[in-house]
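Work through the exercises below with the sequence and the model side by side. Try each task before reading its solution.

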Amino acid sequence: LGFLPLELEINQGDTVIWKNKDSNAHTLAFESQNITKPVMLIRHKNYTYTFDKPGVYNYSCLKHPYQKGKIIVKGVLG
């Protein structure tokens, strides 16, 4: 009934997989980021996204707005 972990730090270019282990469907909607449209996370299904740009990506479930998470993408030093 929530996103775990609540906050995840990754490197630029990493891929995150969201897995819905709940018995209910949820949505994955990013706030103030035009990276993807809201995605329906159907029971026992997965969604993957590769983060190509550094930044902080806040997201929540549209059906349950108290369910929130954050991805922190660190830039690659070159």
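**Exercise 1: the surroundings of Asn 20**

The side chain of Asn 20 reaches to 2.7 Å from the backbone oxygen of Leu 41. In this predicted model, find where Asn 20 is placed, decide whether Asn 20 is buried or exposed, and list what the residue touches.

Solution. Begin with the position along the chain: Asn 20 belongs to the loop that joins strand 2, residues 15-19, to strand 3, residues 26-30. Next, take the accessibility, where buried means under 20% relative accessible area; Asn 20 has 6% and therefore counts as buried. Then turn to the polar atoms of the side chain, one of which lies 2.9 Å from the backbone oxygen of Asn 24, while the backbone oxygen of Leu 41 is reached at 2.7 Å. Finally, leaving out residues up to four places away in sequence, Asn 20 touches Ala 25, His 26, Leu 41, Ile 42, Arg 43, His 44 and Lys 45.

**Exercise 2: Thr 27 in its strand**

Determine which strand holds Thr 27, and which backbone atom the side chain of Thr 27 reaches.

Solution. The first step places Thr 27 in strand 3, a strand that covers residues 26-30. The second step concerns exposure: with 8% relative accessibility, Thr 27 counts as buried, since the limit for that word is under 20%. The third step follows the side chain of Thr 27, which comes to 2.5 Å from the backbone nitrogen of Leu 62. As a last step, look at the contacts beyond four places in sequence, which include Phe 3, Val 39, Met 40 and Leu 41, and also Ser 60, Cys 61, Leu 62 and Lys 63.

**Exercise 3: two partly exposed asparagines**

For Asn 11, find the strand and the separation from Pro 54; for Asn 58, find the strand and the separation from Asp 14.

Solution. Start with Asn 11, which is found in strand 1, residues 7-11, and which is partly exposed with a relative accessible area of 39%. Although 43 residues separate Asn 11 from Pro 54 along the chain, their C-alpha atoms are 7.8 Å apart. Apart from neighbours within four places in sequence, Asn 11 is in contact with Phe 51, Val 73 and Lys 74.

Continue with Asn 58, which sits in strand 6, residues 55-60, and is partly exposed at 29% relative accessible area. Here the sequence distance to Asp 14 is 44 residues, and the C-alpha atoms are 16 Å apart. The residues that Asn 58 touches, again without those up to four places away, are Ala 29, Phe 30, Glu 31, Gly 69 and Lys 70.

**Exercise 4: the chain as a whole**

How many helices and strands does the chain have, and what does its radius of gyration say about compactness?

Solution. Count the elements first: the chain has 0 helices and 7 strands. Then compare the radius of gyration, 12 Å, with the 12 Å that the globule rule gives for 78 residues; the two are close, so the chain is as compact as a globular protein of that length. Along its principal axes, the C-alpha trace spans about 45 × 20 × 20 Å. For burial, 32% of the 78 residues count as buried. For contacts with a separation of 6 or more, 58% are between residues 24 or more positions apart. To finish, consider charge: there are 10 positive and 6 negative side chains, and the centres of these two sets lie 8 Å apart.

How values were computed. Residues numbered from 1 in each chain as written. Predicted model: local features only at pLDDT ≥ 70, side-chain atom pairs only at ≥ 80, totals over all residues. Heavy atoms only, no water. Helix = DSSP H or I, 4+ residues; strand = E, 2+ residues; numbered from the N terminus. Rg over C-alpha atoms; globule rule 2.2 N^0.38 Å. Buried < 20%, exposed > 50% of the residue type's maximum accessible area, 1.4 Å probe, protein only. Contact = heavy atoms within 4.5 Å. Lys, Arg positive; Asp, Glu negative; His and termini not counted. Charge placed at Lys NZ, Arg CZ, Asp CG, Glu CD. Polar contact = N/O pair within 3.5 Å; in protein donor to acceptor, adjacent residues only side chain to side chain.
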